[in-house]
Amino acid sequence: MRTGWVVGSGLDGSFPLGSAAMVDEDTTIDREEERIRVASLLATHAPPDWEKRFRRDELLDAIVDTSPLQMFVMAADIRDSTTLMKEAVRFELFAKTMDKFVSAVRRGIGTPGGWFDKFTGDGFLAYWVVQQGADDVAYQRRFVEAAGNLAHTANELVQLFGHRVLEDFRRNSRNLSDGVGLSVGLDAGPGFLVEIASELTVVGPPVVGAVRMVTAATRPGEIVSNVYLGEHLHDEQEGIYAALGMRATRESRPTKEYPRGQEVYVLRFGEGSA
(Lines give C-alpha, C1' and ligand atoms only; values in the text may rest on other atoms or scores of the structure.)
Protein backbone atom coordinates (compact mmCIF):
# COMPACT_ATOMS: atom_id res chain seq x y z
CA MET A 1 0.00 0.00 0.00
CA ARG A 2 -0.19 11.01 -11.98
CA THR A 3 0.38 13.51 -13.65
CA GLY A 4 3.46 15.64 -14.03
CA TRP A 5 4.39 19.02 -15.44
CA VAL A 6 5.64 18.91 -19.01
CA VAL A 7 9.13 20.35 -19.19
CA GLY A 8 9.16 23.38 -21.47
CA SER A 9 5.46 24.08 -20.99
CA GLY A 10 6.22 27.57 -19.74
CA LEU A 11 5.13 26.70 -16.22
CA ASP A 12 8.41 25.21 -15.04
CA GLY A 13 9.76 28.65 -14.13
CA SER A 14 6.70 29.63 -12.09
CA PHE A 15 7.76 27.68 -9.00
CA PRO A 16 11.31 28.36 -7.83
CA LEU A 17 13.35 25.46 -6.50
CA GLY A 18 12.77 24.87 -2.80
CA SER A 19 9.30 26.39 -2.70
CA ALA A 20 6.53 24.51 -0.90
CA ALA A 21 4.70 21.99 -3.07
CA MET A 22 1.13 22.80 -3.97
CA VAL A 23 -1.44 20.27 -2.74
CA ASP A 24 -3.94 19.38 -5.42
CA GLU A 25 -7.29 18.87 -3.71
CA ASP A 26 -8.48 16.59 -6.50
CA THR A 27 -5.33 14.48 -6.14
CA THR A 28 -5.94 14.15 -2.40
CA ILE A 29 -9.51 13.05 -3.03
CA ASP A 30 -8.38 10.58 -5.71
CA ARG A 31 -5.81 9.10 -3.33
CA GLU A 32 -8.40 8.55 -0.61
CA GLU A 33 -10.78 6.99 -3.12
CA GLU A 34 -8.02 4.61 -4.19
CA ARG A 35 -7.35 3.70 -0.57
CA ILE A 36 -11.03 2.94 0.00
CA ARG A 37 -11.19 0.87 -3.16
CA VAL A 38 -8.07 -1.13 -2.29
CA ALA A 39 -9.29 -1.60 1.29
CA SER A 40 -12.41 -3.26 -0.11
CA LEU A 41 -10.19 -5.72 -2.00
CA LEU A 42 -8.49 -6.75 1.24
CA ALA A 43 -11.65 -8.29 2.68
CA THR A 44 -10.89 -11.81 1.44
CA HIS A 45 -7.14 -11.67 2.16
CA ALA A 46 -6.24 -9.58 5.21
CA PRO A 47 -6.58 -10.70 8.84
CA PRO A 48 -9.87 -9.55 10.37
CA ASP A 49 -8.13 -6.96 12.58
CA TRP A 50 -5.77 -5.64 9.91
CA GLU A 51 -6.70 -1.99 10.50
CA LYS A 52 -5.54 -2.35 14.11
CA ARG A 53 -2.43 -4.38 13.31
CA PHE A 54 -1.15 -2.10 10.55
CA ARG A 55 -0.82 1.61 9.85
CA ARG A 56 -3.78 1.70 7.48
CA ASP A 57 -2.98 4.56 5.10
CA GLU A 58 0.69 3.64 4.83
CA LEU A 59 -0.16 0.05 3.95
CA LEU A 60 -2.83 1.03 1.44
CA ASP A 61 -0.50 3.58 -0.19
CA ALA A 62 2.16 0.88 -0.60
CA ILE A 63 -0.36 -1.29 -2.43
CA VAL A 64 -1.67 1.58 -4.57
CA ASP A 65 1.90 2.61 -5.51
CA THR A 66 3.10 -1.00 -5.98
CA SER A 67 5.82 -0.44 -3.40
CA PRO A 68 7.72 -3.41 -1.93
CA LEU A 69 6.66 -4.82 1.44
CA GLN A 70 8.73 -7.04 3.68
CA MET A 71 6.98 -10.41 3.62
CA PHE A 72 7.15 -13.95 4.89
CA VAL A 73 5.49 -16.23 2.34
CA MET A 74 4.03 -19.69 2.90
CA ALA A 75 3.35 -22.06 0.00
CA ALA A 76 1.55 -25.29 0.88
CA ASP A 77 1.05 -28.36 -1.27
CA ILE A 78 -1.31 -31.28 -0.66
CA ARG A 79 0.79 -34.18 -1.89
CA ASP A 80 -0.95 -36.72 -4.13
CA SER A 81 -4.09 -34.59 -4.16
CA THR A 82 -5.03 -35.74 -7.67
CA THR A 83 -4.88 -39.39 -6.61
CA LEU A 84 -6.83 -38.50 -3.47
CA MET A 85 -9.58 -36.99 -5.60
CA LYS A 86 -9.67 -39.91 -8.06
CA GLU A 87 -9.94 -42.44 -5.23
CA ALA A 88 -12.83 -40.65 -3.54
CA VAL A 89 -15.93 -42.83 -3.13
CA ARG A 90 -18.23 -39.81 -3.15
CA PHE A 91 -16.87 -36.69 -4.80
CA GLU A 92 -19.24 -34.38 -2.91
CA LEU A 93 -17.70 -35.57 0.39
CA PHE A 94 -14.21 -34.99 -1.00
CA ALA A 95 -15.22 -31.43 -1.96
CA LYS A 96 -16.83 -30.85 1.44
CA THR A 97 -13.69 -31.99 3.27
CA MET A 98 -11.51 -29.77 1.11
CA ASP A 99 -13.81 -26.80 1.73
CA LYS A 100 -13.66 -27.38 5.51
CA PHE A 101 -9.87 -27.54 5.34
CA VAL A 102 -9.53 -24.32 3.35
CA SER A 103 -11.91 -22.54 5.75
CA ALA A 104 -9.81 -23.75 8.69
CA VAL A 105 -6.65 -22.58 6.92
CA ARG A 106 -8.10 -19.10 6.45
CA ARG A 107 -8.94 -18.85 10.16
CA GLY A 108 -5.65 -20.37 11.25
CA ILE A 109 -3.65 -17.91 9.16
CA GLY A 110 -5.73 -14.80 9.85
CA THR A 111 -5.83 -15.12 13.65
CA PRO A 112 -2.05 -14.58 14.14
CA GLY A 113 -1.97 -11.79 11.56
CA GLY A 114 -1.37 -13.73 8.34
CA TRP A 115 -2.88 -12.97 4.94
CA PHE A 116 -4.55 -15.68 2.84
CA ASP A 117 -3.72 -15.15 -0.83
CA LYS A 118 -5.45 -17.98 -2.69
CA PHE A 119 -6.35 -21.66 -2.80
CA THR A 120 -4.49 -23.20 -5.74
CA GLY A 121 -6.49 -26.40 -6.16
CA ASP A 122 -3.85 -28.59 -4.51
CA GLY A 123 -2.58 -26.14 -1.90
CA PHE A 124 -2.54 -22.47 -0.98
CA LEU A 125 -0.46 -19.31 -0.72
CA ALA A 126 -0.35 -17.10 2.36
CA TYR A 127 1.93 -14.37 3.70
CA TRP A 128 2.77 -12.17 6.67
CA VAL A 129 3.49 -8.46 6.12
CA VAL A 130 6.06 -6.60 8.24
CA GLN A 131 5.73 -2.81 8.13
CA GLN A 132 8.65 -0.54 8.90
CA GLY A 133 8.54 0.66 12.51
CA ALA A 134 9.24 4.01 14.07
CA ASP A 135 12.80 2.76 14.57
CA ASP A 136 14.90 -0.37 14.04
CA VAL A 137 13.85 -1.82 17.39
CA ALA A 138 10.16 -1.62 16.51
CA TYR A 139 10.81 -3.15 13.08
CA GLN A 140 12.85 -6.02 14.55
CA ARG A 141 10.09 -6.73 17.05
CA ARG A 142 7.54 -7.04 14.24
CA PHE A 143 9.98 -9.14 12.18
CA VAL A 144 10.57 -11.58 15.04
CA GLU A 145 6.85 -11.84 15.81
CA ALA A 146 5.89 -12.47 12.18
CA ALA A 147 8.62 -15.09 11.66
CA GLY A 148 7.54 -16.96 14.79
CA ASN A 149 3.86 -16.83 13.82
CA LEU A 150 4.72 -18.09 10.33
CA ALA A 151 6.68 -21.10 11.62
CA HIS A 152 4.13 -21.93 14.32
CA THR A 153 1.20 -21.68 11.90
CA ALA A 154 2.96 -23.88 9.34
CA ASN A 155 3.36 -26.60 11.95
CA GLU A 156 -0.23 -26.21 13.18
CA LEU A 157 -1.57 -26.65 9.64
CA VAL A 158 0.62 -29.68 8.94
CA GLN A 159 -0.64 -31.28 12.17
CA LEU A 160 -4.25 -30.38 11.40
CA PHE A 161 -4.05 -32.05 8.00
CA GLY A 162 -2.25 -35.13 9.27
CA HIS A 163 -4.46 -35.78 12.31
CA ARG A 164 -7.89 -34.46 11.34
CA VAL A 165 -8.30 -33.74 7.63
CA LEU A 166 -6.59 -36.92 6.43
CA GLU A 167 -8.97 -38.98 8.59
CA ASP A 168 -11.96 -37.49 6.76
CA PHE A 169 -10.36 -38.21 3.40
CA ARG A 170 -9.53 -41.77 4.52
CA ARG A 171 -13.17 -42.54 5.37
CA ASN A 172 -14.14 -41.58 1.81
CA SER A 173 -11.31 -43.28 -0.12
CA ARG A 174 -11.19 -46.58 -1.98
CA ASN A 175 -7.40 -46.61 -1.65
CA LEU A 176 -5.05 -44.19 0.07
CA SER A 177 -1.49 -43.43 -1.01
CA ASP A 178 1.25 -43.29 1.62
CA GLY A 179 2.33 -40.04 -0.04
CA VAL A 180 -0.75 -38.01 0.94
CA GLY A 181 -0.02 -35.14 3.28
CA LEU A 182 0.64 -31.42 3.55
CA SER A 183 4.10 -30.02 2.78
CA VAL A 184 5.01 -26.36 3.35
CA GLY A 185 7.64 -24.05 1.88
CA LEU A 186 8.69 -20.76 3.51
CA ASP A 187 10.58 -17.77 2.16
CA ALA A 188 11.14 -14.15 3.11
CA GLY A 189 11.97 -10.92 1.31
CA PRO A 190 10.42 -7.92 -0.42
CA GLY A 191 7.17 -8.73 -2.20
CA PHE A 192 4.32 -6.82 -3.77
CA LEU A 193 0.54 -6.81 -3.55
CA VAL A 194 -0.79 -6.12 -7.02
CA GLU A 195 -4.26 -5.96 -8.53
CA ILE A 196 -4.88 -8.54 -11.22
CA ALA A 197 -8.37 -9.00 -12.67
CA SER A 198 -9.89 -6.98 -9.81
CA GLU A 199 -8.22 -9.21 -7.21
CA LEU A 200 -5.19 -8.57 -5.02
CA THR A 201 -2.46 -11.16 -5.32
CA VAL A 202 1.04 -11.47 -3.91
CA VAL A 203 3.99 -11.54 -6.32
CA GLY A 204 7.74 -11.26 -6.06
CA PRO A 205 10.87 -13.29 -5.22
CA PRO A 206 9.62 -14.68 -1.88
CA VAL A 207 6.62 -16.22 -3.66
CA VAL A 208 8.91 -17.95 -6.16
CA GLY A 209 11.18 -19.00 -3.31
CA ALA A 210 8.39 -20.44 -1.15
CA VAL A 211 7.12 -22.51 -4.09
CA ARG A 212 10.69 -23.70 -4.69
CA MET A 213 10.98 -24.70 -1.02
CA VAL A 214 7.76 -26.71 -1.00
CA THR A 215 8.92 -28.63 -4.06
CA ALA A 216 12.19 -29.36 -2.19
CA ALA A 217 10.24 -31.25 0.49
CA THR A 218 10.94 -34.96 0.08
CA ARG A 219 7.94 -36.27 2.00
CA PRO A 220 4.54 -35.09 3.21
CA GLY A 221 4.59 -33.18 6.48
CA GLU A 222 7.91 -31.45 5.86
CA ILE A 223 8.35 -27.71 6.40
CA VAL A 224 11.25 -26.32 4.37
CA SER A 225 12.62 -22.77 4.57
CA ASN A 226 15.05 -20.74 2.51
CA VAL A 227 18.42 -19.81 4.00
CA TYR A 228 17.59 -16.22 4.95
CA LEU A 229 14.60 -17.13 7.10
CA GLY A 230 16.08 -20.45 8.19
CA GLU A 231 19.23 -18.81 9.57
CA HIS A 232 17.12 -16.44 11.65
CA LEU A 233 14.98 -19.26 13.05
CA HIS A 234 18.03 -21.45 13.67
CA ASP A 235 19.94 -18.75 15.52
CA GLU A 236 17.02 -18.10 17.86
CA GLN A 237 15.64 -21.63 18.26
CA GLU A 238 17.06 -21.78 21.80
CA GLY A 239 16.14 -18.15 22.49
CA ILE A 240 13.06 -16.21 21.51
CA TYR A 241 11.57 -19.21 19.65
CA ALA A 242 12.31 -21.78 22.37
CA ALA A 243 8.61 -22.10 23.25
CA LEU A 244 7.90 -23.42 19.74
CA GLY A 245 9.88 -26.60 20.43
CA MET A 246 11.41 -26.23 16.97
CA ARG A 247 14.69 -27.30 15.42
CA ALA A 248 15.89 -25.74 12.17
CA THR A 249 18.36 -28.08 10.46
CA ARG A 250 20.45 -27.06 7.46
CA GLU A 251 20.38 -29.55 4.60
CA SER A 252 21.11 -29.69 0.88
CA ARG A 253 18.21 -30.36 -1.45
CA PRO A 254 18.16 -30.40 -5.27
CA THR A 255 15.80 -27.87 -6.84
CA LYS A 256 14.93 -26.88 -10.40
CA GLU A 257 17.23 -23.84 -10.22
CA TYR A 258 19.99 -25.71 -8.37
CA PRO A 259 19.84 -29.35 -9.53
CA ARG A 260 23.11 -30.18 -7.75
CA GLY A 261 21.59 -28.97 -4.50
CA GLN A 262 20.98 -25.78 -2.56
CA GLU A 263 21.04 -25.08 1.15
CA VAL A 264 17.67 -25.14 2.87
CA TYR A 265 16.47 -25.41 6.46
CA VAL A 266 14.06 -28.15 7.48
CA LEU A 267 11.90 -27.22 10.48
CA ARG A 268 10.96 -29.96 12.93
CA PHE A 269 8.73 -29.57 15.96
CA GLY A 270 8.07 -31.47 19.17
CA GLU A 271 9.76 -34.59 20.47
CA GLY A 272 11.11 -35.62 17.09
CA SER A 273 12.84 -32.28 16.57
CA ALA A 274 15.91 -33.07 18.65
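1. Let's start with a term you will need: a salt bridge is a side-chain nitrogen of Lys or Arg within 4 Å of a carboxyl oxygen of Asp or Glu. Side chains of opposite charge can pair when their charged atoms come close. Searching the whole structure turns up 24 salt bridges.

2. A word on what you are looking at. This is a predicted model, where local features need pLDDT of at least 70 and side-chain atom pairs count only at pLDDT 80 or more, while totals for chains, interfaces and linings use all residues. Residues are numbered from 1 along each chain as its sequence is written, and side-chain values use heavy atoms, with hydrogens and water left out.

3. How confident is the predictor? pLDDT is its confidence in each residue, from 0 to 100. For the protein chain the mean pLDDT is 88, with 89% of residues at 70 or more. Helices (H or I, at least four residues) and strands (E, at least two) are DSSP runs, numbered from the N terminus. Among these elements, strand β6 (residues 223–225) has the highest mean pLDDT, 98, and helix α1 (residues 25–41) the lowest, 84. Please be careful with residues 1–20: pLDDT stays under 50 there, and the model has 14 contacts (heavy atoms within 4.5 Å) beyond four places in sequence for them.

4. Now back to the charged pairs. R31 and D65 form a salt bridge through their side chains, 2.9 Å from N to O. This pair links distant parts of the chain, since R31 belongs to helix α1 and D65 to the loop between α3 (56–64) and β1 (69–79), 34 residues apart. R31 counts as partly exposed because its relative accessibility is 26%, between the cut-offs for buried (under 20% relative accessible area) and exposed (over 50%), with a 1.4 Å probe and protein chains only. D65 is also partly exposed, at 33%.

5. Another salt bridge joins R56 to E51, at 3.2 Å from N to O. Salt bridges that share partners connect R31, E32, R35, E51, R56, D57, D61 and D65 in one network. You can also look for D49 and R53, whose closest N and O atoms are 3.0 Å apart in their salt bridge.

6. Next, follow helix α6. Its 36 residues should span 52 Å at 1.5 Å a residue, and the end C-alpha atoms are 51 Å apart, so the two values agree; the expected span is 1.5 Å times one less than the number of residues. A kink of about 40 degrees is centred on F161, where the bend is the angle between axes fitted to the seven residues ending at a residue and the seven starting there. At the start of α6, a side-chain oxygen of D135 comes within 3.1 Å of the backbone nitrogen of V137.

7. Is Q131 buried or exposed? Q131 is buried, because its relative accessible area is 5%. You will find Q131 in the loop between β3 (123–130) and α6 (136–171), with its side chain reaching the backbone nitrogen of R55 at 2.8 Å.

8. After α6, take a look at L176, in the loop between α6 and β4 (181–196). Which residues does L176 contact, leaving aside neighbours within four places in sequence? They are L84, L166 and R170. L176 and D80 are 96 residues apart in sequence, yet their C-alpha atoms are 9.5 Å apart in space.

9. Finally, helix α7 (residues 205–216) has 12 residues and reaches 16 Å from its first C-alpha to its last, close to the expected 16 Å. Its buried residues are P206, V207, G209, A210, M213, V214 and A216.

Notes:
pLDDT is the predictor's confidence in each residue, from 0 to 100. A polar contact is a pair of N or O atoms within 3.5 Å; within protein, one must be able to donate a hydrogen and the other to accept it, and residues adjacent in sequence count only if both atoms are side-chain atoms.
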